[in-house]
Amino acid sequence: QVQLVESGGGLVQAGDSLRLSCAASGRTFSRYVMGWFRQAPGKEREFVATISWSGGITYYADSVKGRFIISRDNAKNTVYLQMNSLKPEDTAVYYCAADGPYADPNRVVITSAPYDYWGQGTQVTVSS
């Protein structure tokens, strides 16, 4: 069982930065693929970024590529999403998710269905 708790959301202006954190419980966190997803009002949940458990492989949605950075600290059981140059269209509830455990240190998952565990979400609002 893995429990996930996101933090770091808030209200910012366009062009600002935010860093989201996702704290995970469970001894095998280091073997889980982690992902960030978001859901805007009236829209479906969409993929944002994913990171392999080794941290060596990352993948981003085109809409955030070059602006967002996903990282993880397995010693702290935490995954991060650094969000730079925020735009109003980034406004959404952001969720972290965990999938695994896996033996493959380079596996990443870009669709929501395989993820077994989800956090409660944190609101990010970007004003223009």
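A disulfide is a pair of cysteine sulfur atoms within 2.5 Å. Keep that cut-off at hand for the opening stop of this tour, which goes through a predicted model.

**Stop 1: the disulfide**

Select cysteine 22 and cysteine 96 and show their side chains. Their sulfur atoms are 1.9 Å apart, and a disulfide joins the two residues. A search of the whole structure finds one such link. Which parts of the chain does the pair tie together? Cysteine 22 belongs to strand S3 (residues 18-24) and cysteine 96 to strand S9 (residues 92-99), so the link connects parts that are 74 residues apart in sequence. Look along the S-S bond: the angle about it is 45°, and the link is right-handed. Turn on a surface next; cysteine 22 and cysteine 96 are both buried.

**Stop 2: threonine 91**

Now select threonine 91, in the loop between strand S8 (78-83) and S9. Two polar contacts of its side chain can be displayed. A polar atom of that side chain is 2.9 Å from the backbone oxygen of proline 88. The side chain also reaches the backbone nitrogen of valine 126, again at 2.9 Å. To see what else surrounds threonine 91, leave out residues up to four places away in sequence; what remains in contact is Ala40, Gln123, Val124, Thr125 and Val126.

**Stop 3: the salt bridges**

The structure holds four salt bridges, and three stops follow here. Begin with aspartate 90, also in the loop between S8 and S9. Select aspartate 90 together with arginine 67: they form a salt bridge whose closest N and O atoms are 2.7 Å apart. Arginine 67 sits in the loop between strand S6 (58-60) and strand S7 (68-73), and the two partners are 23 residues apart, so distant parts of the chain are linked. Is this pair buried or exposed? Both aspartate 90 and arginine 67 are buried. Add Arg38 and Glu46 to the selection, since salt bridges with shared partners join Arg38, Glu46, Arg67 and Asp90 into one network.

Within that selection, look at glutamate 46 and arginine 38, which form a salt bridge with 2.6 Å between the closest N and O atoms. Glutamate 46 is partly exposed, at 36% relative accessible area, whereas arginine 38 counts as buried at 6%.

Then move to aspartate 62 and lysine 65, whose side chains meet in a salt bridge at 3.1 Å, N to O. Aspartate 62 counts as exposed at 65% relative accessibility, while lysine 65 is partly exposed at 48%.

**Stop 4: strand S5 and its partners**

Select residues 46-51, which make up strand S5. Why is S5 largely enclosed by the rest of the structure? Five of its six residues are buried. Add strand S4 (residues 33-39): S4 and S5 run antiparallel and are joined by five bridges. One place to look is methionine 34, whose bridge partner in S5 is isoleucine 51. The two strands form a hairpin with six residues between them, and glycine 42 in the turn has a positive phi of about 75°.

Keep isoleucine 51 selected and bring in S6, where threonine 58 stands opposite isoleucine 51. S5 and S6 pair in the antiparallel sense over three bridges. They too form a hairpin with six residues between the strands; here the turn holds glycine 55, with a positive phi of about 85°. While the strands are on screen, follow the side chains: in a regular strand they alternate between the two faces of the sheet.

Methods
Residues are numbered from 1 along each chain as its sequence is written. This is a predicted model: local features need pLDDT of at least 70, side-chain atom pairs count only at pLDDT 80 or more; totals for chains, interfaces and linings use all residues. Side-chain values use heavy atoms; hydrogens and water are left out. Helices (H or I, at least four residues) and strands (E, at least two) are DSSP runs, numbered from the N terminus. Buried means under 20% relative accessible area, exposed over 50%, partly exposed in between (1.4 Å probe, protein chains only). A polar contact is a pair of N or O atoms within 3.5 Å; within protein, one must be able to donate a hydrogen and the other to accept it, and residues adjacent in sequence count only if both atoms are side-chain atoms. Contact means heavy atoms within 4.5 Å. Two strands pair if DSSP finds at least two bridges between them.
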